[in-house]
Amino acid sequence: MVFMFITAFVLAEICSALPLSGSIYIWAAKSAGPKYARFFGFLVAWWSTTAWMTFTAVNCQATANYIVSQLAIWQVNFPGGVDNGNVKWRAFVWAVSEAMLFLSIAINYLPPKWYKGVFRFSLFILMLDFFLCLIWLPIAVHNTYGLRSTKDVFTLRYNGTGAPAGWNWILSLLFTAGILSGFDASGHVAEETKHASVVASRGIISGAIATGVLGFIATILFLFCIPDLDTFFALNAPQPFVQVYALALGKGPSVFMTIIAVIGLVMNTTVIIVASSRLVFAIARDGALPLSSWIGRVDAQGQPKNAVTIILIFSATLLLSILPSQVAFTSLASAGVVPTIAAYGLIALLRLTLTPHAFKTSCFHLGRWARPMYLSTVLFNGLAFAVMISPFYFPVTAATFNFACVIFGAVTIFATLSWYFTPAEQWLSQGQLELPMHTVEGSVDIPVDLADRTSQFSRCSCD
């Protein structure tokens, strides 16, 4: 958690200097220096686009899992059984997932003036869910099957992976590191943010800290509240925590908690689409995608709705992989976190080795702490990356193989080929990379050929 906070500060430093839509690939390009800027810009553009567009589909399926798990609670006799081996069940999960996707996309088509209300409502639902779990759930567990002992929570070890004891411990420690990713989202909407040099960077830091602190509390809470391991692993719902709610609170209250969780996930997916659509829009605006002239177009209100439509098409197509096999979807979904973690570590590595003295006028300049923080970010994200591409179960079989490494490798190859075959004047030319650099006083020097790129950018100071 602490190392992800450090990662957030590293990203905030460069975000303050370059608050632009699709920020992360521009951050990578500028961090690499003039000689390697274009290559690393291509690489991170492919990585981040793959990740953010995948997050949407993954969230929709996670939302569907909460909904369909109620069938197990109420013992509904589903044709063929509640099992991923049942094609009718997979079709049902797919249909619910697609419905959740269309709902989140519809919210993104709302007028921009509604966004503030949507974000505030999202925060309210998430905090309501958090405090209900923090207060109501442990009281109910205490009154039913009983809380786990402190000894169990902090000292009990269980090796369900089949890995050697040391690597099993690493897997247990860092498997949830993917939750502490995506806090770069505020950078992707920087051009639509007032006083972006400060606000967008502050959003990166506060997002990482809030997720880390609240996530840590929730993890400890759930460790105390889950039933004994034999009972927990016997739960057969796609989302076992729905059954935990039913065991502790009762069937009726579990429906209420499921509704709160579903609304929160829909709102979360909506925010993911906001960020990912801006990333796709930025890349298309620079002419790097098929149909770029259409994708990179904004409506009368300045919103990239065509990019939102692309997210819909991609995510809906990805969700189709649920139909032939749940393993196929899980393998594709694993591609979400890995490129994001890799991008965080790469940017820090480039800052450490190629441009350690750049961006000194950033409002969040790290000063004498820069090099230690860059190194910490590289090492931690490197370890997290290794965990994310590692097999999660041993011995490895076709059913348990983690395809994240294959997908990540394929995306990296495509990125390299795109860099090699795409003419420099078409995307990420040297002129396009001469992005505005901010001074402490807030002046911005914007090259003429980037006027359209910064038309919505708010000039500001670090005050």
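A search of the whole structure turns up three salt bridges, and they make a good way into this predicted model. Side chains of opposite charge can pair when their charged atoms come close. One of the pairs joins Arg351 to Glu13, with 3.2 Å between the closest N and O atoms. That pair ties together distant parts of the chain, since Arg351 sits in helix α16 (residues 337–353) and Glu13 in helix α1, 338 residues apart. With that start, here is a tour by topic.

**The chain as a whole**

- The chain holds 18 helices and zero strands, so you can look for helices and loops as you turn the model.
- Of the 463 residues in the chain, 52% are buried.
- Take the contacts in the chain with a separation of 6 or more: 78% of them are between residues 24 or more positions apart.
- About 20600 Å² of the chain is exposed, and carbon and sulfur atoms supply 69% of that area.

**The salt bridges, one by one**

- Are the two partners Arg351 and Glu13 buried or exposed? Arg351 is buried, with a relative accessible area of 1%, and Glu13 is buried too, at 0%; both count as buried because their values are under 20%.
- Asp152 and Arg148 also meet through their side chains in a salt bridge, at 3.6 Å from N to O.
- In that pair, Asp152 is partly exposed, with a relative accessible area of 30%, whereas Arg148 is buried at 13%.
- Lys305 pairs with Asp299, and here the closest N and O atoms are 3.6 Å apart.
- Lys305 is partly exposed, with a relative accessible area of 23%, and Asp299 is partly exposed as well, at 25%.

**Around Glu13: a loop residue from far along the chain**

- Phe359 lies in the loop between α16 and α17.
- The C-alpha atoms of Phe359 and Glu13 are separated by 7.6 Å, although the two residues are 346 residues apart along the chain.
- Phe359 is buried, with a relative accessible area of 5%.

**How α1 and α9 pack**

- Two packed helices are described by the angle between their axes and the distance between the axes.
- For helix α1 (residues 2–17) and α9, the angle is about 170° and the axes are 8 Å apart.
- How do α1 and α9 run, roughly parallel or roughly antiparallel? They are roughly antiparallel to each other, because an angle over 145 degrees counts that way.
- On the α1 side, the residues that meet α9 include Met4, Phe5, Ala8 and Phe9.
- On the α9 side, the residues that meet α1 include Ile204, Ile205, Ala208 and Ile209.

**A nonpolar patch on the surface**

- Ten side chains are easy to look up here: Met1, Phe9, Phe131, Leu134, Ile135, Ile139, Ile209, Val213, Phe216 and Ile217 make a nonpolar surface patch of about 830 Å².
- Which helices each supply at least two residues of the patch? They are α5 (115–143) and α9 (196–225).
- Ile209 is found in helix α9 and is partly exposed, with a relative accessible area of 34%.
- That value lets Ile209 belong to the patch, because a patch residue needs over 30% relative accessible area.
- Ile209 also appears among the α9 residues that meet α1, so look at this residue from both sides.

**Ile125, a buried residue in α5**

- Ile125 is found in helix α5, and it is buried, with a relative accessible area of 4%.
- Leaving aside residues up to four places away in sequence, Ile125 touches Ile260, Ile263 and Gly264.
- The C-alpha atoms of Ile125 and Val262 are separated by 9.8 Å, and these residues are 137 residues apart along the chain.

**Two backbone details in loops**

- The peptide bond from Phe394 to Pro395 is cis, with omega near -5°.
- Pro395 is found in the loop between α17 (370–389) and α18 (404–421).
- Gln75 has a positive phi of about 55°, although it is not a glycine.
- Gln75 has its place in the loop between α3 (70–73) and α4 (87–108).
- Is Gln75 buried or exposed? Gln75 is exposed, with a relative accessible area of 68%.

Key: Residues are numbered from 1 along each chain as its sequence is written. This is a predicted model: local features need pLDDT of at least 70, side-chain atom pairs count only at pLDDT 80 or more; totals for chains, interfaces and linings use all residues. Side-chain values use heavy atoms; hydrogens and water are left out. Patches are made of residues with over 30% relative accessible area and no salt bridge: like charges are joined within 9 Å, nonpolar side chains (Val, Leu, Ile, Met, Phe, Trp, Tyr) within 5 Å. Accessible areas come from the Shrake-Rupley method with a 1.4 Å probe; for residues, only the protein chains shown count as cover. A salt bridge is a side-chain nitrogen of Lys or Arg within 4 Å of a carboxyl oxygen of Asp or Glu. Helices (H or I, at least four residues) and strands (E, at least two) are DSSP runs, numbered from the N terminus. Buried means under 20% relative accessible area, exposed over 50%, partly exposed in between (1.4 Å probe, protein chains only). Axes are lines fitted to C-alpha atoms, for helices over the stretch in contact, and angles run from 0 to 180 degrees between N-to-C directions. Angles under 35 degrees count as roughly parallel, over 145 as roughly antiparallel, 65 to 115 as roughly perpendicular and the rest as oblique. Contact means heavy atoms within 4.5 Å.
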